[in-house]
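Visitor: I would like a close look at the sheets of this protein and at the helices that pack against them. Please take me through that part slowly, with the cut-offs behind each term.

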Amino acid sequence: MAATGDPWRALARLIAGERRRYVLLALVLTIGAALPLAGPLLVRSVVDRASGGGASTRDIVIPALAYLGLAVGSQFVAVFVAWLATISAWNTANRLRLLLAGHVLDLDLEFHRTHSPGELIQRVDGDITSVSDFLGRVVTKVASAAVLVSGMFVVLVAIDWRIGACFFIYVVVAGRLSLRTRNDAVDQSVDQMSAYARLFGGIEERLTAGEDLRSNRAGPHVMWRFIEDSAAVLAASESAERAFVRFWARVQSAITIGLGLALIGSAWLLDTGAVTVGTTLLLVQYALLLRKPLEDIVDNFNIIQKATGAMVRVDELLSIRPAVADSGTTSPPPGALSIDCSDLGFHYGDGEPILAGINLSIGAGRSVGLIGRTGGGKSTFTRVVLRLVDVTEGQLLLGGVPIGEIPLSELRRRVAMIPQEVHILAASVRDNVTLFDPAISDERVRVALRSAGLDALAEGDLDALLGADEVSLSAGEEQLLSFARIWLRDPDLIVLDEATARVDPGTEERLEKAVSQLIRGRTSILVAHRLSTLSAVDEILVIDGGRVVEHGDRSTLEGDGASEFRRLLELALEVDA
């Protein structure tokens, strides 16, 4: 579902997926809303017969029993409507969550760089919960009110068209006044939820960086930021509550005026002989019935407010298109992928080049050690090669095919990255290696674990939970587990980003052996600051200031006293000494 510019139209398209359930809900809801209309008609009949003096006991008892039956039936229907509405709302909300989560995952790195995980959790879960509450608790009441008002109008027109016309005018005027106040409050609701998203995003960010903040005595700054975010939430909430009070006052005024008009009009009509006593009671009862749905709308106004704001924010999020478009139709030849760059450049839209004028060729199956100073463009170059971002200048070929012409599904299957920070999921050993792919056999998982040097995990229980009391891993073992994931995927091009940066010398030796096996037969780029980890690569690529400073065979550059690589090696030896 793409963004439509109308959030409720977008929601209606999702509801269409639950069409049968909502049709049944509408049918039952119509019956449930129509039942209360029959009660005052029964009372009118009994009162008119009794006031005429010709009513028997039977004429009173039978309508009374029917009235009791209507009351009991209305309660049963109300329970069924509530159950069916809740099930339908949760199904629709879950489909919307899946849609939104998938859309967020498809967005590019620049989006995720400017939106914290806490904020996105609030958007994907908190906003959708507001929509679910609206569908389950408010829509049924609004629909019941609509059926009830329509039924009243039909009955009153049948009694006297002038009474029906007055009723219609009253409902239109009261409805317009209430809706105008409600529409004025939507912006306040959007601001309130945005403030909450910033608050939750800040909390998540500061909890994640807790150790750094404490060790650097940044606690006071963090608390002031928390106070500022909380103050923004308070201000936005006060604005939303003021909008609610304005709405409540208008609806209560409409209810009071309507009841007063019904009493005055009924008394006048009865005095002129235009209506019977029973009809007078019916008008008063209908005025009282009309009070209930209006008060329900007031009671649930906050839910309506939040749901409207939530759907605006959902539609805004869906309107954000991925910067990396999937329009490719050409597949590179099978096997290891060559890399060819022609005048390649990249910037983040601010005109400041991160990469510029890169021309190089890496043969299929070659391993390259990528080095250079921090901030020189190494990570950006790997992101371009993996197409996590698109080049802004020049051309990049993988396997002789422009990278933008390769379908993203195939590209993601044939390239892989091992980051410096490995994420271990709250799941079993098997699921952590396969990433929840049930088609992969246990034997393949064990082979991958052994290949990565994790023999103990390979011989153990694959259903044991990682991160729990059952199995805990060191930082080096976590890194090795990420190697096992790559072995299962068997990609044609891999990027290792500082894979040995967080481990001790003993574990580093195991990692280097795993790296040597992993890069064999594949095109690979190893980003490293510790140059000792590049003993197994074929080539060295030095990038500094966004440009290629040096590129050549590793052994040749190592033996060249004038090469940048040789200078960096000697500098590293001096530091170690």
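Guide: What follows goes from the whole chain to the sheets, then to the helices and the core, and ends with the aromatic pairs.

This is a predicted model, in which local features need pLDDT of at least 70 and side-chain atom pairs count only at pLDDT 80 or more, while totals for chains, interfaces and linings use all residues. Residues are numbered from 1 along each chain as its sequence is written, and side-chain values use heavy atoms, with hydrogens and water left out.

The secondary structure of the protein chain comes to 20 helices and 10 strands, where helices (H or I, at least four residues) and strands (E, at least two) are DSSP runs numbered from the N terminus. Of its 577 residues, 43% count as buried; buried means under 20% relative accessible area, exposed over 50%, and partly exposed in between, with a 1.4 Å probe and protein chains only. Among contacts (heavy atoms within 4.5 Å) between residues at least 6 apart in sequence, 74% join residues at least 24 apart.

One open sheet has 6 strands in the order β6-β7-β8-β3-β9-β10, with mixed pairing; two strands pair if DSSP finds at least two bridges between them. Strands of a sheet pair through backbone hydrogen bonds, either parallel or antiparallel. The edges are β6 (415-418) and β10 (547-553), each with a single partner strand, so one side of each is left without a neighbour in the sheet. From one strand to the next the twist averages 15°, with axes taken as lines fitted to C-alpha atoms, for helices over the stretch in contact, and angles running from 0 to 180 degrees between N-to-C directions. At the β6 edge, 4 bridges join β6 to β7 (residues 493-497), and these two strands run parallel; Ala416 has Ile494 in β7 as its bridge partner.

Helix α12 (residues 378-385) packs on this sheet, where it touches β3 (367-371), β7, β8 (523-527) and β9 (539-544), and its direction makes about 155° with that of β8. A second open sheet, of 4 strands in the order β2-β1-β4-β5, has antiparallel pairing, and its edge strands are β2 (353-362) and β5 (401-402), each pairing on one side only. Strand β4 (residues 393-398) is joined to β5 by 2 bridges, and the two run antiparallel, with Leu398 bridged to Val401 in β5. Helix α12 also lies across β1 (339-347), β2 and β4 of this second sheet, running at about 60° to β2. The helix is mostly covered, with 6 of its 8 residues buried, namely Lys378, Thr380, Phe381, Thr382, Val384 and Val385. After α12 comes Arg387, whose phi is positive, near 55°.

Returning to the β6 edge, helix α17 lies across β6 and β7 and runs at about 175° to β6. Helix α17 (475-489) is also one of the elements that cover the buried residues of α15, along with α14 (429-434) and α16 (455-459). In α15 (residues 442-451) the buried residues are Val445, Ala448 and Leu449. Seen down the axis of α15, these fall within an arc of 100°, so they line one face of the helix; the arc is that of the directions from the helix axis to the C-beta atoms. Just after α15, Gly453 takes a positive phi of about 85°.

The largest nonpolar core has 39 residues, and those with the most contacts inside it are Leu449, Phe483, Leu496, Leu534 and Ile540; such a core is a set of buried Ala, Val, Leu, Ile, Met, Phe, Trp, Tyr and Cys residues joined through side-chain atoms within 4.5 Å. Helix α17 gives the most to this core, with 7 residues. Not counting residues up to four places away in sequence, Leu534 touches Gly369, Ile371, Leu526, Ala528, Ile540 and Arg554.

Finally, a search of the whole structure finds 2 aromatic pairs, for which rings of Phe, Tyr and Trp (its six-membered ring) must have centres within 6.5 Å, planes under 30 degrees apart counting as stacked, over 60 as edge-to-face and the rest as tilted. Phe80 and Trp83 form a tilted pair, 5.9 Å centre to centre with 35° between the planes, and both lie in helix α3 (residues 57-106).
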